[in-house]
Amino acid sequence: MSRIIPIAVGITVLAVCLFSLRPANSPWSSITVSPRLVSVQRFPENELCAFDDLASAAALPPDNLLRAPRSASAIARSLTVGSTSAYAASQNSGEVADISRPPVRTIRDTYPTYSFVSVDNQHDQVVLQDNNLWSIRVFNRLENTPPGAPPSVPKRIIQGPKTDIQFNNGMYIDPKNGDIYSVETDTGDKVVVFDRTKQGDVEPTRILRVPHRGFSLAVDEDKQELYVGVQYPPQVPVYRKTASGDEKPLRSLQGESTRLSDAHGVALDTKKKLMFVNNWGHVSDYLTAGTGRFEDASISVYPLDVRGDAAPLRVIQGPKTQLNWPAAMSLDPDTGDLYVANDVGQSILVFKETDEGNVAPSRVIKGTKTHLSYPTGVFVDAKNKEVWAANFGNATATVYPLSANGNVAPLRIIRSAPEGYEGLRLGKVEAVAYDTKREEYLVPN
Amino acid sequence: MTHPQIAAFARLAKENTPPTRTLIGQKTLISRTMHAFDYDPVHDEIVVNSPLAQAILIFRGGANGEEPPVRYIQGPHTQIVGTGYGALDAVTVDGVNNEIFLPVASNSVLVFDRTATGDVAPKRVLHGPDTQIQFPAPGDRGALPAVGVDPIHNLLIVPSRASLLIFDRNASGNTKPLRVISGPKTELGGGKPHVYAPKGWIVATAARGAIGVWSINDNGDVPPRWRIPVTKITGMNVNGVEIDPVHKEIMVPTGNGNTVFTFSVPEIFD
């Protein structure tokens with residue numbers, strides 16, 4: 001009996017789902033749906049009846065039609081709304097005809113998309129920024145997801161509307177107290193700071209408003225200054241580390257002479273007083289028409305205390321560099337080696353901090369053994385002599401020996417999706433175009 | 001944004017279905033903030049802006065991977081300018097009449113020949129106080145809307161604040177709109193309008209997270225003929241809309257959920 005009941009309920013749920021997807025000219029189109037078996041003529045191409053994961057559905061408003069109607073009777077109740085064809089409203093009446101049917105299909109990724117990684121050496125934890133489900137996930141540093149095993153479970157998750165986490169990217173972990181700093185890359189326009197122990201749907205300890213399109217964070221602990229890499233208009237404002245609210249930056253690097261262009265990663269060498277910024281080469285002055293142009297991707301190097309429209313000390317740029325949508329950067333304070341997450345290059349590039357011009361990286365971590373998949377985050381764990389990558393493409397973080405070079409297997413993998421999963425790599429889906437020839441949706445980030 | 005790809009998904013793709021192909025990488029010249037773009041079915045091309053570089057990119061329809069555009073429009077003669085906040089985020093192609101329509105931050109709609117390449121001037125510019133076009137200025141905290149084209153009835157639909165301005169498709173200079181849909185009953189949302197020409201419907205975003213359907217012949221303070229209350233149904237916001245008349249569906253991208261919903265709406269297309 002214990003097996004029969006779930007099967008019967010499952011058949012009933014399936015039948016109700018299929019019934020709801022009948023053609024618009026169905027003879028049942030005007031009757032009220034009830035939870036009963038009906039004849040099924042063909043399986044429709046439209047498969048969605050409700051969210052498959054309860055967490056997403058539960059987060060919807062109480063009157064939402066997709067909100068976790070898991071019981072057959074609940075599903076039946078939800079489908080009575082908007083299940084019939086709606087005729088156009090007469091504009092003379094001033095009324096509007098609502099079409100309230102649920103969507104027939106949904107494209108989305110139900111797993112995390114890791115955009116950034118950092119390590120809390122005080123507490124031996126690794127912190128991952130999830131760009132898809134809007135969360136920060138914390139694991140033990142030595143967590144490893146073996147092949148064939150289910151996804152690893154985080155020690156804690158910071159997630160929910162109170163957190164103000166959206167399309168966050170750059171992170172910084174305070175080496176003394178473990179505070180988590182995270183910058184929002186889209187319309188949030190803010191840096192949020194969480195106490196190390198925070199989890200769940202909690203408000204940030206403090207919020208700092210920063211320019212639109214903030215991408216990366218770096219901190220000079222000696223001077224207690226927070227650097228924010230901003231994509232466009234490209235700039236690097238520098239704040240007091242403990243700044244909050246609408247506090248203005250202490251100084252900012254911005255202007256045509258800087259050669260900043262669609263700026264992304266920022267790394268600091270506080271010993272040698274240098275700042276490194278990488279650029280994608282999309283150039284324009286937004287105040288002046290027709291000033292757009294394209295350049296090769298680059299890494300520009302500045303004095304640590306640079307301000308205003310200042311030229312870089314030197315620039316790494318050219319085809320030998322292999323730079324291809326460079327994202328986060330991290331510097332080994334002991335050697336001065338500069339590690340670059342090279343997104344579309346599917347690699348981690350390592351440059352000497354004295355490099356200049358069209359130079360090849362001194363080391364490249366790349367290849368099928370590495371499990372790298374569109375890496376956008378990189379972090380040098382100097383204490384443990386390891387380098388981490390956050391892989392935007394497959395819901396994993398991978399870690400390698402700091403001296404790794406070539407096609408090397410990771411020491412460990414933290415995986416948050418089924419083995420072999422290929423993520424959708426979506427990020428702020430604001431448009432869709434339909435390719436009628438190939439019957440494909442074209443979806444930009 | 002972290003990874004500004006253009007991903008292609010099979011029409012029947014569902015949750016966790018990976019893309020069939022993606023346009024990515026330095027060679028593509030694409031960047032973040034691609035908020036409205038087009039597929040041209042007549043010439044099998046993708047027309048999209050490079051929003052941070054004041055450029056219009058044209059790709060093969062089947063472009064894949066690190067494929068460069070077949071041509072692009074950029075330079076001092078183009079008059080292209082976006083906003084600091086919203087950049088140059090929207091473009092529309094009319095494959096029937098071989099034209100590309102680009103709203104820019106100077107309260108103008110630039111029209112380029114579809115085959116133009118390099119540093120070229122627009123073939124005409126719709127601009128002036130009589131047009132009633134009000135777009136954000138370069139320094140404003142706002143984004144430019146996308147326009148819609150009806151190549152059958154020769155109409156250009158321009159969202160401007162809470163209005164839809166309906167022009168003759170060939171309108172140029174300081175030209176008055178033929179009709180204006182505007183007022184509290186309209187529930188207009190300001191997103192890219194699509195025209196389903198056989199029925200003369202304008203499908204566009206509406207207020208309170210909805211998709212609305214108006215007529216190309218509407219004028220004044222008129223409510224939509226239909227409304228799909230997407231946010232009420234799904235809990236997610238609405239960032240645009242696309243139409244698929246063959247399968248009688250509309251697609252709605254929702255930025256806050258990294259999601260594309262497909263709704264079956266045969267009544268609009270029948």
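Two strands are taken to pair here if DSSP finds at least two bridges between them, and that usage applies to each stop of this tour through what is a predicted model.

**Stop one: strands E25 and E26 of chain A**

Select strand E25, residues 375–381 of chain A, together with strand E26, residues 386–391 of the same chain, and you will find that the two run antiparallel and are joined by six bridges. To look at one of the residue pairs, pick A:Asp381, whose bridge partner in E26 of chain A is A:Glu386.

Now widen the selection to the whole sheet, an open one of four antiparallel strands in chain A, which follow one another in the order E25-E26-E27-E28. Because strand E25 and strand E28, the latter covering 412–415, each have a single partner strand, they stand at the edges, and one side of each is left without a neighbour in the sheet. Looking across the sheet, the twist from one strand to the next averages 15°.

**Stop two: another sheet of chain A**

Move next to strands E15, E16, E19 and E20 of chain A, which in that order form an open sheet with antiparallel pairing. Its edge strands are E15, at 263–269, and E20, at 314–317, each of which pairs on one side only. Neighbouring strands in this sheet are turned against each other by 20° on average, with direction ignored.

Within the sheet, select residues 274–279 (strand E16) and residues 298–303 (strand E19) of chain A, which pair in the antiparallel sense over six bridges. Here A:Met275 is a useful residue to label, since its bridge partner in E19 of chain A is A:Tyr302.

**Stop three: chain A as a whole**

Zooming out to chain A, you have three helices and 30 strands in view. Of its 445 residues, 49% are buried, and among the contacts in this chain between residues at least 6 apart in sequence, 52% join residues at least 24 apart.

**Stop four: where chain A meets chain B**

Finally, display both chains and select their contact, to which chain A brings 90 residues and chain B brings 89 residues. On the side of chain B that touches chain A, strand E21 (residues 259–264) gives the most, with six residues, and the residues of that side divide into 42 nonpolar, 34 polar and 13 charged.

Strand pairing also crosses between the chains: strand E1 of chain A (residues 97–98) and strand E18 of chain B (residues 226–228) run parallel and are joined by two bridges. Select A:Asp98 to end the tour, and then its bridge partner in E18 of chain B, which is B:Arg227.

Key:
Residues are numbered from 1 along each chain as its sequence is written. Chains are lettered from A and ligands numbered from 1 in the order in which they are written. This is a predicted model: local features need pLDDT of at least 70, side-chain atom pairs count only at pLDDT 80 or more; totals for chains, interfaces and linings use all residues. Axes are lines fitted to C-alpha atoms, for helices over the stretch in contact, and angles run from 0 to 180 degrees between N-to-C directions. A residue is buried if 20 or more other C-beta atoms lie within 10 Å of its own, exposed if 12 or fewer, and partly exposed in between; C-beta atoms are placed from the backbone. Two residues are in contact if their C-beta atoms, placed from the backbone, lie within 7 Å. Ala, Val, Leu, Ile, Met, Phe, Trp, Tyr, Cys and Pro count as nonpolar, Asp, Glu, Lys and Arg as charged, and the others, Gly among them, as polar.
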